[in-house]
Each structure stands twice: as C-alpha cells, then as structure tokens.
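Subject: Handing over a structure, with notes on what was found

Dear colleague,

I am passing a structure on to you, and since it will be new to you I have added a written account of what was found in it. Please open the sequence and the structure first and keep them beside you as you read.

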Amino acid sequence: MATLDAVSPHRLLPLLLALPSGAIVGVPADLTDGHPLHESDLAAFGPCLQTDREVRYAATRVPARALLDLSGLTVPLVAAALPALSGGGAAVVLHSRDCGLLARLGERVLHQAGSRWRWRPSESIRAKRMLELRIEEAPAGRIQWVRFALDGTQGPEAVLSAVRAGGVRVCESRITYGASFAR
C-alpha cells in the first residue's frame, strides 16, 4: 500500500483511493480531528455508513468503496457485514477513536510516524497492547502508574485480577497501544 507522502503530505484521498478491492483498513479519528482536508477526503472516499440499516443494505448491494463511522454502529453487525463487503470487492475504511477496535476489525491501521503516514498491520498494533494501572501504594498512599504488556495468552482481566488478588488497590485502568503518557 502506498504511503501518503508519496502523493501529497496533506491529503488522505489519494492514499485511500489506492486501496485494493476487498481491503479493510482503519483510520483513527485522532488523525483526522480538526483537519478539514482530512474530513473532506474521508467524505469524498465513498458513502459514509453511519447506521446499522445502511450497513445491512451495503452488505447486500456492495458499493465499490465505503466509509464506516463506527461511533454509531453495532460492532457485531459490522463484524458480520465486513466479509460480505470485502468479498464483494469493496474497499472499506473504518473510522473510530478506538484503535483497538480498528486493529481487531481491519487488516491495517493508518498511523503517523514523524511526517510520514503509513499503514501498519493490525497484528503489530495488537502486539503492543499494554494495560496501564494507576495504583495506590499501601503504607505511603502514593499513587503511581504501572504498565503490563498484554500478550495473546492473557487478557487484561487476568492481569487486573492477579494484581487485585495481591492486595494492590487499583484506582484506574486503561488499555493503550504503544507509548502512552500518564494523566
């Protein structure tokens, strides 16, 4: 797949139009927020499916390209419709704030590395999942963040359960994908 800067450093549309038939990719909302060019490029890519009804219709009459705004869609319905869309030859762009959801449903996810934009395989994003916990240390009452790598063998629930069973008080938890900063 092409990189964005091979075409234009400020436009998404040429990158999206270069997607092959049947591709399912994710574009994180934080990459497009506040950028009028990016939002207009997404709108020009293809029909924006924002309701479950529109997704069901598209799965029966597959368009050449489709943008799925995941913020208002039922995830199991989208997961069920994606094979029909991809198998019908549609190039599908998923748009969401949830990078984990994009990595789970799509083959690749757009990311920015410096001034370059690239497609990252979803597996590489899932491999960098981290569980971050804000914990309170017992006698001192000091609050700190700790990070646990999540591999394919244990989920965040197992890690959180083990930490809680050890008597550690967890104040907050979150899953991140790659580097994150404590709030």
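The notes below go from the whole protein to its two sheets, then to two residues of one helix and finally to a pocket.

Please bear in mind throughout that this is a predicted model. The protein has 183 residues, of which 39% count as buried, and its secondary structure comprises eight helices and nine strands. If one takes the contacts between residues at least 6 apart in sequence, 58% of them join residues at least 24 apart.

The six-stranded sheet

One open sheet holds six strands in the order β2-β3-β4-β1-β5-β6, and the pairing within it is mixed. Its edges are formed by β2, residues 48-49, and β6, residues 116-121, each of which pairs on one side only. Helix α3, which covers residues 36-45, packs on this sheet and touches β3 (65-69), β4 (91-96) and β6, while its direction makes about 140° with that of β4.

Strand β1, residues 24-28, deserves a careful look, because five of its five residues are buried and the strand is therefore largely enclosed by the rest of the structure. As a general point, the side chains of a regular strand alternate between the two faces of the sheet. In β1 both faces are covered, with Ile24, Gly26 and Pro28 buried on one side and Val25 and Val27 buried on the other.

The pairing of β1 can be followed towards both of its partners. Five bridges join β1 to β4, and the two strands run parallel; within β4, it is serine 96 that stands opposite proline 28. Towards β5 the pairing of β1 is again in the parallel sense, over two bridges, and there glycine 26 has valine 109 of β5 as its bridge partner. Strand β5, residues 108-113, is also joined to β6 by six bridges, and these two strands run antiparallel, with alanine 113 standing opposite arginine 116 of β6.

The three-stranded sheet

A further open sheet is formed by three strands in the order β8-β7-β9, with antiparallel pairing. At its edges stand β8 (143-149) and β9 (169-177), and because each has a single partner strand, one side of each is left without a neighbour in the sheet. From one strand to the next, the twist averages 25°. Strand β7, residues 129-136, is joined to β8 by seven bridges, and the two run antiparallel; glutamate 132 has arginine 147 of β8 as its bridge partner. Helix α8, residues 156-165, packs on this sheet, where it touches β7, β8 and β9, and its direction makes about 25° with that of β7.

Two acidic residues of helix α3

Which residues does aspartate 41 contact, if its neighbours within four places in sequence are left aside? This residue of helix α3 is in contact with Arg11, Leu12, Leu13 and Leu16. Buried means under 20% relative accessible area, so aspartate 41, at 1% relative accessibility, counts as buried.

Glutamate 39 is also found in helix α3, but this residue is partly exposed, with a relative accessible area of 34%. Not counting residues up to four places away in sequence, glutamate 39 touches Thr32, Asp33 and His95. The C-alpha atoms of glutamate 39 and leucine 13 are separated by 9.7 Å, although the two residues are 26 residues apart along the chain.

The largest pocket

The largest pocket encloses about 320 Å³ of space. Its lining consists of 15 residues, and those lying nearest its centre are Pro28, Asp30, Cys99, His111 and Tyr177. At least two lining residues come from each of α2 (29-32), α6 (99-105) and β5, and β5 gives the most, with four residues. Sorted by class, the lining has eight nonpolar, three polar and four charged residues. Pro28 thus links two parts of this account, being one of the buried residues of β1 as well as one of the residues nearest the centre of the largest pocket.

With best wishes

Key. Residues are numbered from 1 along each chain as its sequence is written. This is a predicted model: local features need pLDDT of at least 70, side-chain atom pairs count only at pLDDT 80 or more; totals for chains, interfaces and linings use all residues. Side-chain values use heavy atoms; hydrogens and water are left out. Two strands pair if DSSP finds at least two bridges between them. Contact means heavy atoms within 4.5 Å. Axes are lines fitted to C-alpha atoms, for helices over the stretch in contact, and angles run from 0 to 180 degrees between N-to-C directions. Buried means under 20% relative accessible area, exposed over 50%, partly exposed in between (1.4 Å probe, protein chains only). On a 1 Å grid over the protein atoms alone, a cavity is a set of points where a 1.4 Å probe fits but cannot get out, and a pocket is an open set with protein on both sides within 12 Å along at least five of seven lines; lining residues have an atom within 4 Å of a point. Grid points are joined across faces, edges and corners, and a volume is the space filled by probe spheres set on the points. Ala, Val, Leu, Ile, Met, Phe, Trp, Tyr, Cys and Pro count as nonpolar, Asp, Glu, Lys and Arg as charged, and the others, Gly among them, as polar.
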